[in-house]
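User: I would like to go through the labels attached to this model and ask, for each, what justifies it. Please set each value against its criterion before concluding.

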Amino acid sequence: MKPSDVVNASDRAEHGKSSQIQSQNMSQFQPISKEKKADQIVEVNPVAKDDTSVPRLPNSVTHKFWETQLVGKFKDIGDKSLPEGPVEPATPLSEVKQEPYNLPSPYEWTTCDLNSDDMCSEVYNFLKVHHPDDGYLFEETYSREFLRWALCPPGYHQSWHIGVRAKTSKKLVAFISGVPERIRVHDEVVKMAKINFLCVHKKLRSKRLAPVMIKEVTRLVHLQNIWQAAYSLPDIRATPVTTCQYWVRMLNPKKLIDVGFSCLRDRMTMNRTVKLYKLPDATITPGFREMEQRDVPAVTRLLRNYLSQFGVATDFDENDVEHWLLPRENVVYSYVVETHDVITDLCSFYTVPLTVVCNPKYTTVECAYSYYNVATKTSLTQLMNDVLIVSKQKGFDVLYALDVMHNESFLKELKFDLADAQMHYYLYNYRLRTALKPSELGIVF
Ligand SMILES: CC(C)(COP(=O)(O)OP(=O)(O)OC[C@H]1O[C@@H](n2cnc3c(N)ncnc32)[C@H](O)[C@@H]1OP(=O)(O)O)[C@@H](O)C(=O)NCCC(=O)NCCS
């Protein structure tokens, strides 16, 4: 996940390339502007013109590990002769490596039981310290409740919550996780593992531990007879199936400017900025209310029907909807529009706060992330305006949205600004014949 510098969208439209950067959110979500790493500079592949804008690496950049993996290869971009589907067929389970991959001798594998409060706290504390990079004013902090939500969906495998401990101190020094997910790719529903929360202790970086973690989670996924995976990264490591742009809507501009997350635009005063982003006190759509357990069947139908139009989308059933969308305080918030006992619209967002480093006045920036939104009766713009209103009421400072699904239709009108962050979506061992546009993606993670 995620975003960073806020760039004013209208400035970008006016001045083309010389977009004006409006803020300096020095969170870790500045994958491009932060380090300008050679391996993060992207260009559009000339052979992929038909495939929208598939980013690729300069020829000089190599990925020794990723080039050995079953992910989209840069050299294959634009080659329409390659078939869509698994790159390699499933292997008989008896041929899957039964023993874990070797770790350097001071370390050992461990399985993390997120249902144990102690272990959940251990993973939480590890990610809190080691997930954010040093030197930033804002650090993303996943709460314990968020980790349980993200890592324990229906049918999850505890064996896919993988830690590495130092043998002597028993301290956690690395973590990676997978959760099962059904993803529909065009007409095929494919069982996949969604891989997330890869993290290595700051002192163990650049020692090639990440590839061992990735290979071990792949092995454990294979042992469940699952051969495909999906993951998203702010960086280019192979050929993504699509690259999405983050947009950001300020809800509490005064705090965001005070805390250094954003800054005043040229010729703007604080009063004018506050007025520009002001929202009504109450939602506008009649029948707008929080989603409840009894809504699960109707919401599932609504969501499945909506997602069926996108090339690649999550295949939700009722159990998934109950888990991923039923409101959980400080994790996920979902609302429906009900008219004459019929659920016609759905909107939702999840939350991951940013911890503010060294600020005398503020400790967190409360961030909400747009999740799944379906509008069949209300206009999507009005529905999302209500999302802004409820998220502001709930105390969020900012709402992020990716340009997936139909999100582009409301971003500018609702005063979202361009964020200097993208999210690249990847499939492992599944080839798409052509890349997707962000608006053809029905997945958020
Ligand atoms: C991401 C992280 C685990 C990488 O660790 P590292 O010590 O820099 O990397 P290693 O030396 O172990 O391994 C390098 C290899 O792993 C790959 N790699 C590094 N980070 C990766 C990531 N997030 N996803 C996939 N592959 C990654 C590199 O591309 C490289 O392979 P290559 O030679 O094919 O390019 C580490 O930087 C970290 O914990 N960061 C903070 C948390 C984070 O940002 N997680 C990722 C997003 S959820």
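User: What makes the length of α2 agree with that expected of a helix?

Analyst: In this predicted model, where local features need pLDDT of at least 70, side-chain atom pairs count only at pLDDT 80 or more, and totals for chains, interfaces and linings use all residues, the length can be set against a simple rule. Residues are numbered from 1 along each chain as its sequence is written. Helices here are DSSP runs of H or I with at least four residues, and strands are runs of E with at least two, numbered from the N terminus. Helix α2, residues 117-130, has 14 residues, and the expected span of a helix is 1.5 Å times one less than its number of residues. The first and last C-alpha of α2 are 20 Å apart, close to the 20 Å expected.

User: Which residues of α2 are called buried, and how do you know where they sit around the helix?

Analyst: The buried residues are Glu122, Val123 and Phe126, a label that needs 20 or more other C-beta atoms within 10 Å of a residue's own, while 12 or fewer make it exposed and counts in between partly exposed, with C-beta atoms placed from the backbone. Seen down the axis, the buried residues of α2 fall within an arc of 95 degrees (taken from the directions from the helix axis to the C-beta atoms), so they line one face of the helix. The face turned away from that buried side carries the exposed residues Asp117 and Asn125. Among the elements that cover the buried residues of α2 are α3 (144-151) and β7 (172-185), where contact requires C-beta atoms, placed from the backbone, within 7 Å.

User: What puts the buried residues of α8 on the same side?

Analyst: In α8, residues 318-325, Val321, Trp324 and Leu325 are buried. They cover an arc of only 85 degrees around the axis, and therefore lie on the same side of α8. Their cover includes α7 (296-307), β13 (332-339) and β14 (342-351).

User: How many residues surround the ligand, and which element gives the most?

Analyst: A residue is near a molecule or strand if its C-beta atom, placed from the backbone, lies within 6 Å of it; 18 residues surround the ligand, the closest being His63, Phe65, Trp66, Arg205 and Ala210. The elements giving two or more residues to this shell are β8 (188-200) and α4 (209-222), and β8 gives the most, with 4 residues. By class, the shell has 10 nonpolar, 3 polar and 5 charged residues, where Ala, Val, Leu, Ile, Met, Phe, Trp, Tyr, Cys and Pro count as nonpolar, Asp, Glu, Lys and Arg as charged, and the others, Gly among them, as polar.

User: Why are β5 and β16 called edge strands?

Analyst: Two strands pair if DSSP finds at least two bridges between them. The open sheet of 3 strands has the order β5-β15-β16, with antiparallel pairing, and β5 (138-140) and β16 (364-365) each pair on one side only. Strand β15, residues 354-356, pairs with β16 over 2 bridges, which meets that minimum of two. Within this pairing, threonine 355 has threonine 364 in β16 as its bridge partner.

User: What makes cysteine 358 and lysine 415 unusual in phi, and are they buried or exposed?

Analyst: Most residues other than glycine have a negative phi, and most peptide bonds are trans. Cysteine 358, in the loop between β15 and β16, has a positive phi of about 55 degrees although it is not a glycine. Lysine 415, in the loop between α10 (408-411) and β20 (417-428), has a positive phi of about 65 degrees and is not a glycine either. Cysteine 358 has 5 other C-beta atoms within 10 Å and is therefore exposed, whereas lysine 415 has 16 and is therefore partly exposed.

User: Why is lysine 255 given its exposure label, and what does lysine 255 touch?

Analyst: Lysine 255 lies in helix α5, residues 253-258, and counts as partly exposed because it has 18 C-beta neighbours inside 10 Å. Lysine 255 touches Tyr362 and Asp397, not counting residues up to four places away in sequence. Lysine 255 and valine 365 are 110 residues apart in sequence, yet 8.5 Å apart in space, C-alpha to C-alpha.

Definitions and conventions. Two residues are in contact if their C-beta atoms, placed from the backbone, lie within 7 Å.
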